[in-house]
Amino acid sequence: MKRPYLLAPSLLSADFAHLGRAIEQIEQKSGDMIHIDVMDGHFVPNLTIGPPVIAALRGLTKLPFDVHLMMTNPAEMADSFLEAGADYLTFHVEAEVHAHRLIERIREAGCKPGISLVPSTPVAALSELLPFVDLVLVMTVNPGFGGQTMIASCLEKVQELKKIKQENDFSYIVSVDGGVNCETLPSVLAAGTDLVVSGSAFFTGELDC
Ligand code: DX5
Ligand code: ZN
């Protein structure tokens, strides 16, 4: 049966020694996209995957790559991620002063620009950018690690974003990232989320609810 939402399993919770196998698993369970968490050890206290690994994975699947940059100065390395095969390239509003320029650069490269915000950032911080993005990624945990507990109040931002979208006829999809499991999924969907990111719950089988 078709899910009433799009699912992007996050490789962050996959076995890093067998990423190809994780991609097969995502395809078998009909994931719609593959969420790839890029962490730089500055914006968040963890280091993960970079452009060479993304490029190596690109040949393994036709599923879109939903690349989530949790890094300072994302514009400095954006080209490498675009060349590596990102389909959506999302960066954090907290990390980039010249966001319009980067959004334009991503679109020029034929990729879909996304913008994300950490739990302490209000939707108002995105107001100038919403007309120009294809995806808004609402973080429902402080980014850096998988398996954290959702900060449920962040889901109000999803409702706010859906309302703004409708009122202005904007075209972005709204994604939720962090702490999604069987228990929290109903409220995530009730808020109007289009794209659900799931790391730990997907790879432990807990999202099979
Ligand atoms: C968190 C990452 C998330 C993470 C989600 O910093 O951006 O994408 O993989 O993991 P879970 O679903 O375990 O909270
Ligand atoms: Zn993420």
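Let me begin with two histidines, His35 and His68, both of which are buried in what is, I should say at once, a predicted model. The reason for starting there is the metal site, to which I turn now.

The zinc ion, ligand 2, is coordinated by His35 through NE2, by His68 through ND1, and by Asp37 and Asp177 through OD atoms, at 2.0 to 2.3 Å. Written along the sequence, the spacing of these donor residues is H-x1-D-x30-H-x108-D. Because His35 belongs to strand E2, residues 34–39, while His68 belongs to strand E3, residues 65–70, this pair ties together parts of the protein that stand 33 residues apart in sequence. As for geometry, the site has 6 donor atoms, and with angles of 70 to 170° among them it is octahedral.

Now to the other ligand. Ligand 1 is surrounded by 20 residues, of which the closest are Asp37, Gly144, Gly147, Asp177 and Ser200; Asp37 and Asp177, you will recall, are also among the residues that coordinate the zinc ion. Asp177 places a polar side-chain atom 2.7 Å from an oxygen atom of ligand 1, and His68, another of the zinc-coordinating residues, has a side-chain N or O atom 3.3 Å from an oxygen atom of that ligand. Gly179 contributes through its backbone instead, with an N or O atom lying 2.8 Å from an oxygen atom of ligand 1. How much of the accessible area of ligand 1 does the protein cover? Of the 380 Å² that ligand 1 has on its own, the protein covers 100%.

Notes
Residues numbered from 1 in each chain as written. Chains lettered and ligands numbered in written order. Predicted model: local features only at pLDDT ≥ 70, side-chain atom pairs only at ≥ 80, totals over all residues. Heavy atoms only, no water. Donors = N, O, S within 2.8 Å, 3.2 Å for Na, K, Ca; no water. Tetrahedral: all angles 85-135°; square planar, octahedral: opposite > 155°, others 65-115°. Helix = DSSP H or I, 4+ residues; strand = E, 2+ residues; numbered from the N terminus. Buried < 20%, exposed > 50% of the residue type's maximum accessible area, 1.4 Å probe, protein only. Near = heavy atom within 4 Å. Polar contact = N/O pair within 3.5 Å; in protein donor to acceptor, adjacent residues only side chain to side chain. Areas by Shrake-Rupley, 256 points an atom, 1.4 Å probe, with all protein chains shown as cover.
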